[in-house]
Amino acid sequence: MNKLTYIDDCRLDQFIFKKLLSRYGSPVEVQCLDTAIEALIQLKRKCRDSKALPDIILLDIYNPYLDAWNFLDRVQAIHSLLAKPVEVYILSASKYPTDVERLQQYDFVKAYIVKPVTRDVLEQLVREKEFAQSSLLTL
């Protein structure tokens with residue numbers, strides 16, 4: 001089972017995201033957090049425990065207290081210490097080419113997703129993660 005952390009200060013978006021998952025019977029274990037600071041603290045605390053770390057982080061680009069750029073810089077500093085690779089997907093209500101370009105400096109950021117997250121997008125993320133994990137096991 002994949003673990004996913006959804007970071008968004010909008011509780012309505014969190015609710016909709018959880019509803020989307022439950023409606024389609026997704027096998028993903030989800031944790032919703034209001035701030036990127038909470039996620040960073042958890043990553044640091046769980047960095048050596050591969051079972052406790054999320055496989056995927058969905059991060060709203062505009063987050064109070066710690067914006068996406070500061071979060072990504074801090075994750076980049078500890079990413080090599082994590083017990084397993086954690087993929088980050090950036091969420092935004094609109095797509096700015098400068099933001100997309102800036103994200104290319106982070107190897108662990110896999111995509112820029114325009115909200116709302118749809119069932120198709122979520123299924124694709126999970127499929128790609130499962131494929132990558134199974135591919136690693138056969139090497």
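Here are three short exercises with worked solutions on the predicted model above.

Residues count from 1 along each chain as its sequence is written. Local features need pLDDT of at least 70 and side-chain atom pairs pLDDT 80 or more, while totals for chains, interfaces and linings use all residues; side-chain values use heavy atoms, leaving out hydrogens and water.

**Exercise 1.** Find the strands that pair with strand E1 (residues 3–7).

*Solution.* Start with E2 (residues 29–33): 5 bridges join this strand to E1, and the two run parallel. Here Ile7 stands opposite Leu33. Next, E3 is joined to E1 by 4 bridges, again parallel, with Ile7 opposite Leu59. Strands are DSSP runs of E with at least two residues, helices runs of H or I with at least four, numbered from the N terminus. Pairing takes at least two DSSP bridges.

**Exercise 2.** Decide whether E1 is mostly covered or open.

*Solution.* Count the buried residues: 4 of the 5 in E1 qualify, making the strand mostly covered. Buried means under 20% relative accessible area, exposed over 50%, and partly exposed in between (1.4 Å probe, protein chains only).

**Exercise 3.** Place Asp55 and find a side-chain partner for this residue.

*Solution.* First, locate Asp55 in the loop between helix H2 (36–45) and strand E3 (56–60). Then check its cover: Asp55 is buried because its relative accessible area is 4%. Finally, look to Lys84, whose side chain makes a polar contact with that of Asp55 at 2.9 Å. Such a contact pairs N or O atoms within 3.5 Å; within protein, one must be able to donate a hydrogen and the other to accept it, and residues adjacent in sequence count only if both atoms are side-chain atoms.
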